[in-house]
Amino acid sequence: MPSNDVEQHFPVLNNDERMRAGRFRFEHDRRRFAVTRSVLRRILGIYLNIDPSAINFTYNSYGKPLLGGVSSYIVRRWSAFRGLWESS
């Protein structure tokens, strides 16, 4: 992927993600991280109907990412969806 295409993904990332991308030794790893994290943010933004840059990731004690601040929203949405499914 040309570097100018990759640059469009960095504005969506937060400061921690930009710093993390900068720590990769190889440019192709830096690009892959930036693009995949940006795409993840954009997809979640569509599903959650929020700006992708507003998504906050937190990490559990094992380093696994969690959605900070929107988890309960997802649970509520899933509960509503499941209720629709079960009523049919």
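Visitor: Which side chain meets that of D29 in a salt bridge?

Guide: In this predicted model, D29 lies in helix α3, and its partner lies in that helix too, 3 residues apart from it, which is about one turn of the helix. The N to O distance between the two side chains is 2.6 Å, and the residue that meets D29 in this salt bridge is R32.

Visitor: Is D29 buried or exposed?

Guide: The word buried is used for a relative accessible area under 20%. The relative accessibility of D29 is 18%, and D29 therefore counts as buried.

Visitor: With which residue does E27 form a salt bridge?

Guide: Side chains of opposite charge can pair when their charged atoms come close. For E27 and its partner, the closest N and O atoms are 3.4 Å apart, and both residues lie in helix α3, 4 residues apart, or about one turn of the helix. E27 is partly exposed at 40% relative accessibility, and the partner, which is partly exposed as well with a relative accessible area of 25%, is R31.

Visitor: How are helix α2 and helix α3 oriented to each other, roughly parallel or roughly antiparallel?

Guide: Two packed helices are described by the angle between their axes and the distance between the axes. Here the axes of α2, residues 15-22, and α3, residues 27-48, come within 8 Å and cross at roughly 155 degrees. Angles over 145 degrees count as roughly antiparallel, so the orientation of α2 and α3 to each other is roughly antiparallel.

Visitor: How many charged residues does the contact of α2 with α3 have?

Guide: The crossing of these two helices, α2 and α3, is right-handed. The contact is made on the α2 side by E17, R20, A21 and G22, and on the α3 side by R30, F33, R37 and R41. Sorted by class, the contact has 2 nonpolar residues and 1 polar residue, while the number of charged residues is 5.

Visitor: Which residue of helix α2 forms a salt bridge with R41?

Guide: The pair links distant parts of the chain, since R41 belongs to helix α3 while its partner, 24 residues apart from it, belongs to helix α2. Both members of the pair are buried. Their closest N and O atoms are 2.9 Å apart, and the partner of R41 is E17.

Visitor: Which residue is linked with E17 and R41 in a network of salt bridges?

Guide: The structure holds 5 salt bridges, among them the one between R41 and E17. These two residues are linked in a network of salt bridges with a further residue, R37.

Key:
Residues are numbered from 1 along each chain as its sequence is written. This is a predicted model: local features need pLDDT of at least 70, side-chain atom pairs count only at pLDDT 80 or more; totals for chains, interfaces and linings use all residues. Side-chain values use heavy atoms; hydrogens and water are left out. Axes are lines fitted to C-alpha atoms, for helices over the stretch in contact, and angles run from 0 to 180 degrees between N-to-C directions. Angles under 35 degrees count as roughly parallel, over 145 as roughly antiparallel, 65 to 115 as roughly perpendicular and the rest as oblique. A crossing is left-handed if the near helix is turned anticlockwise from the far one by less than a right angle, and right-handed if clockwise. Contact means heavy atoms within 4.5 Å. Ala, Val, Leu, Ile, Met, Phe, Trp, Tyr, Cys and Pro count as nonpolar, Asp, Glu, Lys and Arg as charged, and the others, Gly among them, as polar. A salt bridge is a side-chain nitrogen of Lys or Arg within 4 Å of a carboxyl oxygen of Asp or Glu. Buried means under 20% relative accessible area, exposed over 50%, partly exposed in between (1.4 Å probe, protein chains only).
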